[in-house]
Amino acid sequence: MTVDLHAAMGRALELAGAAQEWGDTPIGAVVLGPDGTVLAEAANEREKRGDPTAHAEVLALRAAAQVHGDGWRLTGATLVVTLEPCTMCAGASVLARVARVVYGADDPKGGAVGSLWDVVRDRRLNHRPEVTGGVRAEESATLLRAFFRAQRGL
Ligand SMILES: [Zn+2]
């Protein structure tokens, strides 16, 4: 199985760009099935939905479970997200049993896949997804910086 992570992250970055158009922090996520095909994709919709849990990862994992074919288990799936997941999303990826978490930029202020916490590789868990960070990180970071700069009216 060869999964084109660069291309999958490219799609997640497009979704991130869409999120900022409706006022959400630009974060996008894609869930790939075991064969590398796209099962689901989502952007951050926290502001759009007025829902504190509507992070791109949670929305994409939920949608992926509807089509994956193994109930709530995303066996063999890969979560690709533009920013290092928070505690909720890192926890959701463990609960969903994804095989792998791939992210772009590190999030030193809230990241739970190695920066502030390491929720997915806690040895007390019986399921620990493989982690790949730093995929197209600079593009993700640039998008986030521009968004926050615009929000501050600079
Ligand atoms: Zn999150």
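**From a buried threonine to the zinc site, cores and pockets**

At 5% relative accessibility, Thr78 counts as buried, because the cut-off for that term is under 20% relative accessible area. The model discussed here is a predicted one. Thr78 belongs to strand β3, which covers residues 78-83. Leaving aside residues up to four places away in sequence, Thr78 is in contact with Val30, Val31, Leu32, Arg100 and Val102.

The zinc ion comes next. Three residues coordinate the zinc ion, namely His55 through ND1, Cys86 through SG and Cys89 through SG, at 2.0 to 2.3 Å. Along the chain, these donors follow the spacing H-x30-C-x2-C. His55 and Cys86 link distant parts of the chain, being 31 residues apart: His55 sits in the loop between α2 (46-49) and α3 (56-68), and Cys86 in the loop between β3 and α4 (87-95). His55 has a relative accessible area of 17% and is therefore classed as buried.

The interior can be followed through its nonpolar cores. The largest nonpolar core contains 32 residues, and those with the most contacts inside it are Ile27, Ala29, Val31, Leu61, Leu74 and Val98. At least two residues of this core come from each of β1 (28-32), β2 (38-43), α3, β3, α4, β4 (100-105) and α5 (137-151). Helix α3 supplies the largest share, 7 residues. Ile27 touches residues in several places along the chain, among them Ala16, Ala43, Val81, Leu83 and Leu144, when residues up to four places away in sequence are not counted. A second, separate core has 13 residues, including Leu5, Leu13, Ala19 and Leu32.

The description now turns to the pockets. The largest pocket holds about 610 Å³ of space. Its lining is made up of 26 residues, and Thr25, Leu83, Asp107, Leu144 and Phe148 lie nearest the centre of the pocket. Each of α3, β4 and α5 supplies at least two residues of this lining, and α5 gives the most, with 6 residues. By class, the lining of the largest pocket consists of 12 nonpolar, 5 polar and 9 charged residues.

The second largest pocket has about 160 Å³ of space. Its lining is formed by Val58, Leu61, Arg62, Ala65, Trp72, Leu74, Ala92, Leu95 and Ala96. Two or more of these residues come from each of α3 and α4, and the largest share, 4 residues, belongs to α3. This lining comprises 8 nonpolar residues, no polar ones and 1 charged residue. Leu61 and Leu74, which line this second largest pocket, are also among the residues with the most contacts inside the largest nonpolar core.

How values were computed
Residues are numbered from 1 along each chain as its sequence is written. This is a predicted model: local features need pLDDT of at least 70, side-chain atom pairs count only at pLDDT 80 or more; totals for chains, interfaces and linings use all residues. Side-chain values use heavy atoms; hydrogens and water are left out. Buried means under 20% relative accessible area, exposed over 50%, partly exposed in between (1.4 Å probe, protein chains only). Contact means heavy atoms within 4.5 Å. Donors are N, O and S atoms within 2.8 Å of the metal (3.2 Å for Na, K and Ca); water is not among the atoms, so sites may look incomplete. A nonpolar core is a set of buried Ala, Val, Leu, Ile, Met, Phe, Trp, Tyr and Cys residues joined through side-chain atoms within 4.5 Å. On a 1 Å grid over the protein atoms alone, a cavity is a set of points where a 1.4 Å probe fits but cannot get out, and a pocket is an open set with protein on both sides within 12 Å along at least five of seven lines; lining residues have an atom within 4 Å of a point. Grid points are joined across faces, edges and corners, and a volume is the space filled by probe spheres set on the points. Ala, Val, Leu, Ile, Met, Phe, Trp, Tyr, Cys and Pro count as nonpolar, Asp, Glu, Lys and Arg as charged, and the others, Gly among them, as polar.
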